Amino acid sequence: MNVLNVCTPSAEEQKEIANALARVPKQPLFGEDFEISHGRSTLSEPPNFLQPGKGAQMSDEPSVALYVRIRKEFSVQALFSSVQYSFSNDGQTMIETLVLHVRDPKDLVQVSIEDSASAIGTVETMLGANTPASRIRLERFGKSSVALARCAGSENGPPPDQSAYEPLFRSASEALTNYRNLLGVRRTVPVELAQIPGAASPKDAAKPKSTKPAAKHAEEKK
């Protein structure tokens, strides 16, 4: 079992994250292959590393999310072979995830960037807001992952000082904004979601459950 410190990564881990983000292509050349898919996913119980916040009421009802995925291949022999963007909406939280897969994994396997927001507005509003990244994760070959996430305070204390990590969050947010544009997600995601039965009323498709914490705990188990 590996334990990740996602709130205050070490200086060496910060350097790894910075190096990986710096290698994300800003003006990639895409190949002809691509994939666009949509669907419905049911989560019967929350991952065991997600703990309810203070006063939260957990429901036994399953969580139902509607999602769209967009994948494109890079056409040149660069570090990354493909990029995948996914958008999900469970009626309470909207999540965007950008994942870049390494072509020839030796140390780094993939880089993922995630943001989320309370689903109180429309999908179009969420996509147009350029929501900043709240989580960065590096999957490494034969090693534990490296992660950085926005962390909120707990009932035992205030949130940690994460000001030193702002350049990393800013770099990740810029990459996410860039690929929203490159992959045309503002146009594609609403169209794909509209084709899913029940997409017009996602809150009816998802049973009530507790509001997710703004960020995961300082330590998460993998």
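**Figure 1. A hairpin made by strand 7 and strand 8.** Strand 7 and strand 8 make a hairpin, with five residues between them. Look for Gly142 in the turn: its phi is positive, at about 70°. Keep in mind that this is a predicted model. Strand 7 covers residues 135-140, and its pairing with strand 8 is antiparallel, with four bridges. Two partners are handy for finding your way around. Arg137 has Ala147 in strand 8 as its bridge partner, while Leu138 sits opposite Val146 in strand 8.

**Figure 2. Strand 8, covered on both faces.** Here we zoom in on strand 8, residues 146-149. Are its residues buried or exposed? Val146 and Leu148 on one side are buried, and so are Ala147 and Ala149 on the other, which leaves both faces of the strand covered. There's a general pattern to help you read this view: along a regular strand, side chains take turns pointing to one face of the sheet and then the other.

**Figure 3. The open sheet and its edges.** Step back a little and you'll find seven strands in one open sheet, with antiparallel pairing and the order 2-3-4-5-6-7-8. Which strands stand at the edges? They are strand 2 (30-43) and strand 8; each has a single partner strand, so one side of each has no neighbour in the sheet. On average, neighbouring strands here are turned by 15° against each other, ignoring direction. Helix 1 packs on this sheet and touches strand 4 (80-89), strand 6 (108-118), strand 7 and strand 8. Its direction makes about 95° with that of strand 7.

**Figure 4. Strand 3 and its two partners.** Strand 3 has strand 2 as one antiparallel partner, and eleven bridges join the pair. One spot to check is Leu43, which stands opposite Ser63 in strand 3. Strand 4 also runs antiparallel to strand 3, this time with eight bridges between them. Tyr67 has Ser88 in strand 4 as its bridge partner. Strand 3 and strand 4 also form a hairpin, and five residues lie between them.

**Figure 5. Ile70 and its surroundings.** You'll find Ile70 in strand 3, which spans residues 63-74. Why does Ile70 count as buried? Its relative accessibility is 2%, and buried means under 20%. What does Ile70 touch, once we skip its neighbours within four places in sequence? Its contacts are Glu35, Ile36, Val83, Gln84, Tyr85, Leu183, Val185 and Thr188. Ser37 is worth finding too: Ile70 and Ser37 are 33 residues apart in sequence, yet their C-alpha atoms are 6.7 Å apart in space.

**Figure 6. Helix 1 meets helix 3.** This view pairs helix 1 (residues 11-22) with helix 3 (residues 166-182). Their axes come within 10 Å and cross at roughly 25°. Angles under 35 degrees count as roughly parallel, and the two helices are therefore roughly parallel to each other. The crossing is left-handed. Which residues of helix 1 are involved in the contact? They are Gln14, Ile17, Ala18 and Leu21, and they meet Leu168, Ser171 and Ala172 in helix 3. Sort the residues of this contact by type and you get five nonpolar, two polar and no charged.

Technical notes
Residues numbered from 1 in each chain as written. Predicted model: local features only at pLDDT ≥ 70, side-chain atom pairs only at ≥ 80, totals over all residues. Heavy atoms only, no water. Axes fitted to C-alpha atoms, helices over the stretch in contact; angles between N-to-C directions. Parallel < 35°, antiparallel > 145°, perpendicular 65-115°, else oblique. Left-handed = near helix turned anticlockwise from the far one by under 90°. Contact = heavy atoms within 4.5 Å. Nonpolar A, V, L, I, M, F, W, Y, C, P; charged D, E, K, R; others polar. Buried < 20%, exposed > 50% of the residue type's maximum accessible area, 1.4 Å probe, protein only. Pairing = 2+ DSSP bridges.
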